[in-house]
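Me: Please take a close look at the charged side chains in this model, one group at a time, and then go on to the surroundings of any that stand without a partner. I would like one connected account rather than a list.

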Amino acid sequence: LDLGDPNAFALPGGLVGVTPGLLEIIDSEIGMAFVLAHELGHQQHRHALKRLGRALIHRIAIGWISGSGDLSLLNHALSLATLKHSRDQERDADDFGLALIHRVHGTTEGAFEFFEHIHNQAGDGSKIGAMFQTHPLTEERLRDLHEAATHLRGSIERL
């Protein structure tokens with residue numbers, strides 16, 4: 001983990017970490033609140049424990065099936081499935097974080113500061129390359145978050 005890279009993470013037991021690199025790029029309270037709420041979403045959904053459990057089951061299954069044979073293709077397929085689970089967990093944490101920010105602050109304005117910074121710095125990857133990543137494409141995340149924010153605003157206006 002390069003502490004200069006902008007990043008945040010959730011660890012089992014409720015610990016949330018933020019790198020100094022992240023603190024350097026986020027200027028707003030609501031931008032930081034969303035990053036922390038996203039990480040709390042990982043805690044709420046117990047993503048780290050689920051990831052560990054899934055990895056253990058995969059290893060046991062591969063060991064049982066393979067004996068001493070070569071099942072590298074099965075191992076690669078399970079790795080791709082794990083990456084999809086990871087991307088789904090990121091989306092779950094985004095949804096949780098956005099709803100929490102909206103509930104606490106009454107707005108989502110400025111919440112996407114981190115993702116906008118990442119998108120402006122790095123652009124986006126290819127759709128094909130996305131299936132080999134642990135996180136959804138930033139462009140897709142921003143689109144999904146803006147749609148969810150619009151839905152949250154609409155639900156308040158109907159009250």
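Reply: Helix α4, which spans residues 72–105, contains both D88 and R91, and these two residues are 3 places apart, about one turn of the helix. In this predicted model, their side chains meet in a salt bridge with an N to O distance of 3.3 Å. D88 has a relative accessible area of 27%, and because this falls between the limits of 20% and 50%, D88 is classed as partly exposed. R91, at 29% relative accessibility, counts as partly exposed as well. The pair does not stand by itself, since K84, D88 and R91 are linked in a network of salt bridges.

The whole structure holds 6 salt bridges, and two others share an arginine. R143 is bridged to D144, where the closest N and O atoms are 3.1 Å apart, and R143 also forms a salt bridge with E147, where the closest N and O atoms are 4.0 Å apart. E147 and R143 both belong to helix α7 (residues 138–158) and are 4 residues apart, again about one turn of the helix. As for their surroundings, R143 is partly exposed with a relative accessible area of 45%, while D144 is partly exposed at 30%.

E113 presents another situation. This residue is found in helix α5, which covers residues 113–122, and E113 is buried yet has no salt bridge. The nearest side chain of opposite charge, that of R153, is 15 Å away, and a salt bridge would require a nitrogen within 4 Å of a carboxyl oxygen. What the side chain of E113 does reach is the backbone nitrogen of D27, at 2.6 Å. Beyond its neighbours within four places in sequence, E113 is in contact with I25, I26, D27, S28 and G31.

The residues that follow E113 in the chain lead to the aromatic side chains. The structure holds 3 aromatic pairs, and one of them is formed by F34 and F115, whose rings meet edge-to-face with their centres 6.2 Å apart and 70° between the planes. F34 lies in helix α2 (residues 29–44) and F115 in helix α5, so this pair ties together parts of the chain that are 81 residues apart in sequence. Both F34 and F115 are buried. F115 is also paired with F114: their ring centres are 5.4 Å apart and their planes lie at 55°, so this pair is tilted. F114 and F115 are both buried. Taken as a group, F34, F112, F114 and F115 form one aromatic cluster.

A final element, away from the charged groups, is a hairpin. Strand β1 (residues 8–11) and strand β2 (residues 15–18) run antiparallel and are joined by 4 bridges, with F9 having G17 as its bridge partner in β2. The hairpin leaves 3 residues between the strands, and G13 takes a positive phi near 95° there. The two faces of β1 can be told apart, with A8 and A10 on the covered face and F9 and L11 on the uncovered one.

To return to your question about charged side chains without a partner, the case described here is E113, which is buried without a salt bridge and whose side chain approaches the backbone nitrogen of D27 at 2.6 Å.

Conventions:
Residues numbered from 1 in each chain as written. Predicted model: local features only at pLDDT ≥ 70, side-chain atom pairs only at ≥ 80, totals over all residues. Heavy atoms only, no water. Buried < 20%, exposed > 50% of the residue type's maximum accessible area, 1.4 Å probe, protein only. Lys, Arg positive; Asp, Glu negative; His and termini not counted. Polar contact = N/O pair within 3.5 Å; in protein donor to acceptor, adjacent residues only side chain to side chain. Contact = heavy atoms within 4.5 Å. Phe/Tyr/Trp six-rings, centres within 6.5 Å; stacked < 30°, edge-to-face > 60°. Pairing = 2+ DSSP bridges.
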